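Welcome, and please open your viewer. Let's walk through this structure together, one selection at a time.

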Amino acid sequence: MDDTLKMPRHVAIILDGNGRWARAKGMPRNYGHAQGAKTVETICEEAYRMGIQYLTVYAFSTENWGRPQDEVDALMKLLRSYMKTCLKTAEKNRMCVRVLGDKSGLDEDIRIRIRELEEATRENDGLHFQIAINYGGRDELVRAVQRLAEKAEAGTIRPEQITEDILESMLDTAGIPDPDLLIRTCNEQRISNFLLWQLAYTEFYFTPVAWPDFTKEELLRAVEAYNHRDRKYGGLKEE
């Protein structure tokens with residue numbers, strides 16, 4: 001790895017192409033999702049070794065409930081399994097894990113596992129790893145505004161006191177720096193309702209590689225592209 005590369009502090013990834021990758025191999029879509037989960041674990045370790053401090057992945061969107069029921073069921077089963085795997089990985093690598101999204105829309109046993117995972121890793125000082133589950137950027141903003149409305153109704157805040165910082169504190173990502181780099185795999189070039197507020201000044205990188213085939217080398221290519229972007233101007237916050 002080039003030691004002169006400046007590592008983005010926070011990388012966000014839209015994990016795309018699991019189903020297409022599996023179909024190309026004559027396998028069911030769920031096989032692709034399972035392989036994609038293994039790639040997440042690998043990239044968490046590689047990202048931290050490279051010096052990336054925050055990694056956020058888009059695992060299951062609010063729109064994903066519209067997929068065929070058998071696929072949704074398989075994804076929820078995979079999620080349950082991944083929560084256990086993630087806890088073991090976090091213990092080994094001192095990873096701090098946080099789940100973004102509307103947890104109330106998930107089954108109780110999954111909510112319990114999420115709570116246990118977040119509590120067990122809260123004080124870890126390794127990679128800060130965020131998983132977006134039942135997440136949508138618009139939904140996140142609506143929930144944030146609802147919380148602010150409740151405060152206004154209770155008289156604890158006046159409308160003119162609401163600032164960007166206060167709104168940010170109501171978001172799922174409160175306390176987490178905005179992404180410096182967004183990666184989307186499998187040649188899709190849209191943000192699909194992901195981190196709408198947080199991506200305001202983020203650099204985008206699109207790759208044709210499907211997520212199950214995403215490697216350390218692919219991550220390094222994205223970081224190299226990020227290093228070639230001019231981020232001095234354009235209203236960016238001080239880096």
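The tour goes from the whole chain to one strand, and then to two single residues.

**Stop 1: the whole chain.** Keep in mind that this is a predicted model. Show the chain as a cartoon and follow the elements from the N terminus: they run β-α-α-β-α-β-α-β-α-α-β-β-α. That comes to seven helices and six strands. The radius of gyration is 18 Å, close to the 18 Å that the globule rule gives for 239 residues, so the chain is as compact as a globular protein of that length. If you draw a box along the principal axes, the C-alpha atoms fill roughly 60 × 45 × 35 Å.

**Stop 2: surface and contacts.** Now switch on the surface. About 12,600 Å² of the chain is accessible, and carbon and sulfur atoms hold 48% of that area. Of the 239 residues, 47% count as buried. Among contacts with a separation of 6 or more, 76% join residues 24 or more positions apart. Try coloring the charges too: there are 34 positive and 40 negative ones, and their mean positions lie 3 Å apart.

**Stop 3: strand β1.** Select residues 10-14, which form β1. How many of the residues of β1 are buried? Five of its five are. In a regular strand, side chains alternate between the two faces of the sheet. Turn the view to see each face of β1: His10, Ala12 and Ile14 are on one side, Val11 and Ile13 are on the other, and all are buried.

**Stop 4: the partners of β1.** Add residues 54-61, strand β2, which pairs with β1 in the parallel sense over five bridges. Here, valine 11 has leucine 55 of β2 as its bridge partner. Next add residues 181-184, strand β5, which also pairs with β1 in the parallel sense, over four bridges. Look for isoleucine 13, which stands opposite isoleucine 183 in β5.

**Stop 5: two residues with positive phi.** Select asparagine 134, in strand β4 (residues 128-135). Its phi is positive, about 50°, although asparagine 134 is not a glycine. Is asparagine 134 buried or exposed? Its relative accessibility is 6%, so asparagine 134 counts as buried.

Finally, jump to serine 192, in the loop between β5 and β6 (203-206). Serine 192 is not a glycine either, yet has a positive phi of about 50°. With 27% relative accessibility, serine 192 counts as partly exposed.

Definitions and conventions:
Residues are numbered from 1 along each chain as its sequence is written. This is a predicted model: local features need pLDDT of at least 70, side-chain atom pairs count only at pLDDT 80 or more; totals for chains, interfaces and linings use all residues. Side-chain values use heavy atoms; hydrogens and water are left out. Buried means under 20% relative accessible area, exposed over 50%, partly exposed in between (1.4 Å probe, protein chains only). Two strands pair if DSSP finds at least two bridges between them. The radius of gyration is taken over C-alpha atoms; the globule rule is 2.2 Å times the number of residues to the power 0.38. Contact means heavy atoms within 4.5 Å. Accessible areas come from the Shrake-Rupley method with a 1.4 Å probe; for residues, only the protein chains shown count as cover. Lys and Arg count as positive and Asp and Glu as negative; His and the chain ends are not counted. The place of a charge is taken as NZ of Lys, CZ of Arg, CG of Asp or CD of Glu.
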